[in-house]
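Open the model in your viewer and show the whole chain as a cartoon. The tour starts with the overall fold and then moves to one pair of helices.

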Amino acid sequence: MKAFITGITGQDGYYLSKHLLESGFEVHGTIRRSSSFNTSRIDGLIAEFGKSDQLKLYYSDLLDSSSLNNLINNIEPDQIYNLAAQSHVAVSFKNPLYTTQTSTVGPLTLLEAVKNSKKEIKYYQASSSEMYGGIDSSVLSETSVFNPKSPYAVGKVFAHEMTKVYRESYDLFCVNGILFNHESPARGETFVTRKITRAVGRIFHGIQKNLTLGNLEAKRDWGFAGDYVKGMKLMLEHDHPDDWVLATGETHTVQEFVEAAFGEVGLNWKDHVLTSDKYHRPNEVEHLLGDPSKAKKLLKWKPELDFKGLVKVMVESDIELAEQESVLISKKLMKPTWEYPITD
């Protein structure tokens with residue numbers, strides 16, 4: 001089995017490619033060309049699976065329709081997972097054009113490639129809980145109404161609906177995975193959960209004094225990315241294509257995440273956490289809570305790592321990383337301060 005993954009160097013790309021490789025798949029992934037290597041998350045997989053050609057990487061971009069079509073025609077994958085996007089919600093307000101282009105042009109190119117392929121290809125579109133808008137405390141399912149509140153969410157709604165159009169119009173095996181917030185030690189450092197755990201590690205080691213956040217009352221349904229990518233694979237293995245919500249079914253505030261993270265190292269979060277309006281979104285999503293009952297019943301999927309376990313593994317990883325930084329600081333190879341310019 002061959003899988004083609006866009007966004008393979010991201011958090012989900014890492015966990016998905018690892019899961020597929022360990023399941024015996026041949027994995028092909030795209031990375032954007034830049035002046036420096038940006039494969040740090042998957043370097044271990046490259047070392048383990050690259051020499052045997054079980055993992056192959058190509059330079060491409062969601063906005064380069066020609067290269068994507070050529071790759072798919074040459075590789076002839078059995079499955080395509082479209083994970084690539086400008087996925088930071090706050091950044092999407094600052095860069096709405098690029099954000100919406102990657103969320104619309106890319107999926108359309110891939111869907112056209114699936115439609116025109118002589119081979120039957122199963123397609124996974126990474127939808128997002130941000131599409132719902134979080135207007136109240138409702139439990140959100142596959143049939144809940146979308147109310148996007150950011151350029152990122154608007155682009156995701158377009159791709160979601162277009163995936164349904166291609167599925168229904170051309171009888172293609174195209175699925176939408178509506179994943180609620182899923183985190184890990186591989187999460188980008190400008191996302192709020194990772195920003196918190198990085199700061200905890202640095203504060204614990206005396207590298208950083210304070211952490212500045214925005215809306216502490218925002219509520220999210222947080223799960224572990226390693227669990228959620230297994231659900232992606234199960235969606236493409238189901239007997240018919242559909243839309244699926246993956247979530248834990250419980251919600252926690254940003255403050256609860258902060259309390260749990262600082263509690264892991266025995267610190268009082270109130271001694272270190274500040275808030276600032278500059279970290280608030282222009283249009284805040286206050287509450288997201290998912291209903292994964294359909295996936296649990298039909299896919300036999302369920303999250304394995306709970307909220308406390310998720311916070312624990314992220315803090316432990318970032319404590320270790322901060323310890324490595326403290327060594328560099330002691331050798332004057334790194335400055336002892338750090339401030340993130342943006343947060344989710």
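Begin with the contacts across the whole protein: of those between residues at least 6 apart in sequence, 80% join residues at least 24 apart. Keep in mind that this is a predicted model.

Next, colour by secondary structure. The protein has 11 helices and 13 strands. Its radius of gyration is 20 Å, close to the 20 Å that the globule rule gives for 344 residues, so the protein is as compact as a globular protein of that length. Turn the C-alpha trace along its principal axes, and it spans about 60 × 50 × 40 Å. Switch on a surface: buried residues make up 55% of the 344 residues.

Now select residues 96-116, which are helix α5, and residues 151-170, which are helix α6. At what angle do the axes of α5 and α6 cross? They cross at roughly 15° and come within 8 Å. An angle under 35 degrees counts as roughly parallel, and α5 and α6 are therefore roughly parallel to each other. The crossing of α5 past α6 is right-handed.

Show side chains where the two helices meet. On α5, select Pro96, Thr99, Thr100, Ser103, Thr104, Pro107, Leu108, Leu111, Glu112 and Lys115. On α6, their partners in the contact are Pro151, Tyr152, Gly155, Lys156, Phe158, Ala159, Met162, Thr163, Tyr166 and Tyr170. Colour this set by residue class: the contact of α5 with α6 has 11 nonpolar, six polar and three charged residues.

Notes. Residues numbered from 1 in each chain as written. Predicted model: local features only at pLDDT ≥ 70, side-chain atom pairs only at ≥ 80, totals over all residues. Heavy atoms only, no water. Axes fitted to C-alpha atoms, helices over the stretch in contact; angles between N-to-C directions. Helix = DSSP H or I, 4+ residues; strand = E, 2+ residues; numbered from the N terminus. Parallel < 35°, antiparallel > 145°, perpendicular 65-115°, else oblique. Left-handed = near helix turned anticlockwise from the far one by under 90°. Contact = heavy atoms within 4.5 Å. Nonpolar A, V, L, I, M, F, W, Y, C, P; charged D, E, K, R; others polar. Rg over C-alpha atoms; globule rule 2.2 N^0.38 Å. Buried < 20%, exposed > 50% of the residue type's maximum accessible area, 1.4 Å probe, protein only.
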